[in-house]
Amino acid sequence: MNAPSVDMAAAEALFAFWRDAGVDACFEDEPIDRTVFVAPVAAKGPATVTPLRAPGAAPSVDEAAAEARRLAAGASTLDELAEAIAAFEGCPLRAMGARQAVFARGNPQGALMIIGEGPGAEEDVRGQPFVGQAGQLLDRILTAASLLDDAFITNTVFWKTPGNRAPTPQEQAACAPFVERAATLLKPKAVLLVGASAAKAVLKTDDGIMRMRGQWREWLPEGGIAAPAIATLHPAFLLRQPQAKGLVWKDILDLSVRLRSEVVEPGA
Ligand code: URA
């Protein structure tokens with residue numbers, strides 16, 4: 001029997017449609033026919049204790065965060081923390097088409113810790129945060145304020161999201177112990193939260209970014225020391241809305257003054 005002929009143009013158009021809709025990854029090695037319903041097998045014999053989690057099922061957020069906390073606590077340097085993150089299997093993003101874990105770049109002795117949302121496609125390929133277009137703009141801003149050499153840059157999650165969507169609070173919660181451990185090891189003088197998603201996750205608030213930006217808040221990483229944190233707009237937003245650059249520049253100058261000052265009191 002001849003194989004059915006494939007209309008290549010139609011197939012390419014379909015893939016282009018999915019790509020434009022943000023579908024950029026397959027999550028399983030083999031396709032799953034989700035039109036076929038497999039009925040669950042009825043349990044036989046005496047009642048058994050229902051396991052908290054089916055074998056092979058993804059861990060709950062609490063389980064994942066507990067495992068992250070255990071791995072993070074075992075890291076006594078930022079390099080060890082990078083290894084612990086690479087070994088961590090609890091973040092669901094890991095199995096959603098990411099090539100590798102993307103932890104950090106910059107000065108491991110830096111006084112400034114920068115936390116963004118999560119790696120994008122470019123970061124996923126290169127293994128470093130903020131190296132795409134938005135990252136290049138961030139570097140230009142930091143360079144203009146003479147802060148780039150003092151910055152240690154990371155994200156709330158370490159694997160790219162499908163279609164570059166924002167990470168979910170659950171994905172961020174699973175990775176949070178690593179971010180907190182990074183702060184504990186780095187002991188930054190100040191923290192810059194880049195964009196709404198990072199600011200909300202780190203400061204555990206639902207406040208909007210326009211309300212939060214430019215204000216100093218105290219960040220208390222679990223098991224770590226308090227650090228003063230300021231949120232600003234994401235450079236990806238600035239690429240779309242360049243007229244907002246003035247607001248970011250104001251926040252960066254404020255940050256710069258704080259970093260250069262002798263005494264830093266969290267929340268002051
Ligand atoms: N945006 C982020 O928030 N982080 C990156 O690493 C890249 C883009």
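Start by selecting Cys175: this residue is buried, with a relative accessible area of 0%. Keep in mind as you go that you are looking at a predicted model.

Next, add Cys91 to your selection. Cys91 is buried too, and its relative accessible area is 2%. Show the sulfur atoms of the pair. The cysteine sulfur nearest to that of Cys175 belongs to Cys91, 3.8 Å away, and Cys175 is in no disulfide. Are the two sulfurs bonded or unbonded? A disulfide needs cysteine sulfur atoms within 2.5 Å, and Cys91 is in no disulfide, with the sulfur of Cys175 at 3.8 Å. You can stop looking for such bonds elsewhere, as the structure holds zero disulfides.

Now move to the ligand, which you will find in the largest pocket. To see what surrounds the ligand, select Gly116, Glu117, Gly118, Pro119, Glu123, Pro129, Phe130, Asn155 and His234. Try colouring this shell by residue class: three of its residues are nonpolar, four are polar and two are charged.

Then zoom in on three members of the shell, one at a time:

- Phe130: look at the backbone, where an N or O atom lies 2.8 Å from an oxygen atom of the ligand.
- Asn155: here turn to the side chain, which has an N or O atom 2.8 Å from a nitrogen atom of the ligand.
- His234: an N or O atom of this side chain is 2.8 Å from an oxygen atom of the ligand.

Finish by showing the ligand's surface. On its own the ligand would expose 240 Å², and the protein buries 91% of that area.

How values were computed. Residues numbered from 1 in each chain as written. Predicted model: local features only at pLDDT ≥ 70, side-chain atom pairs only at ≥ 80, totals over all residues. Heavy atoms only, no water. Near = heavy atom within 4 Å. Polar contact = N/O pair within 3.5 Å; in protein donor to acceptor, adjacent residues only side chain to side chain. Areas by Shrake-Rupley, 256 points an atom, 1.4 Å probe, with all protein chains shown as cover. 1 Å grid on protein atoms, 1.4 Å probe; cavity = no way out; pocket = protein on both sides within 12 Å on 5 of 7 lines; lining within 4 Å. Sits in = over half its atoms within 2 Å of the grid points. Nonpolar A, V, L, I, M, F, W, Y, C, P; charged D, E, K, R; others polar. Buried < 20%, exposed > 50% of the residue type's maximum accessible area, 1.4 Å probe, protein only.
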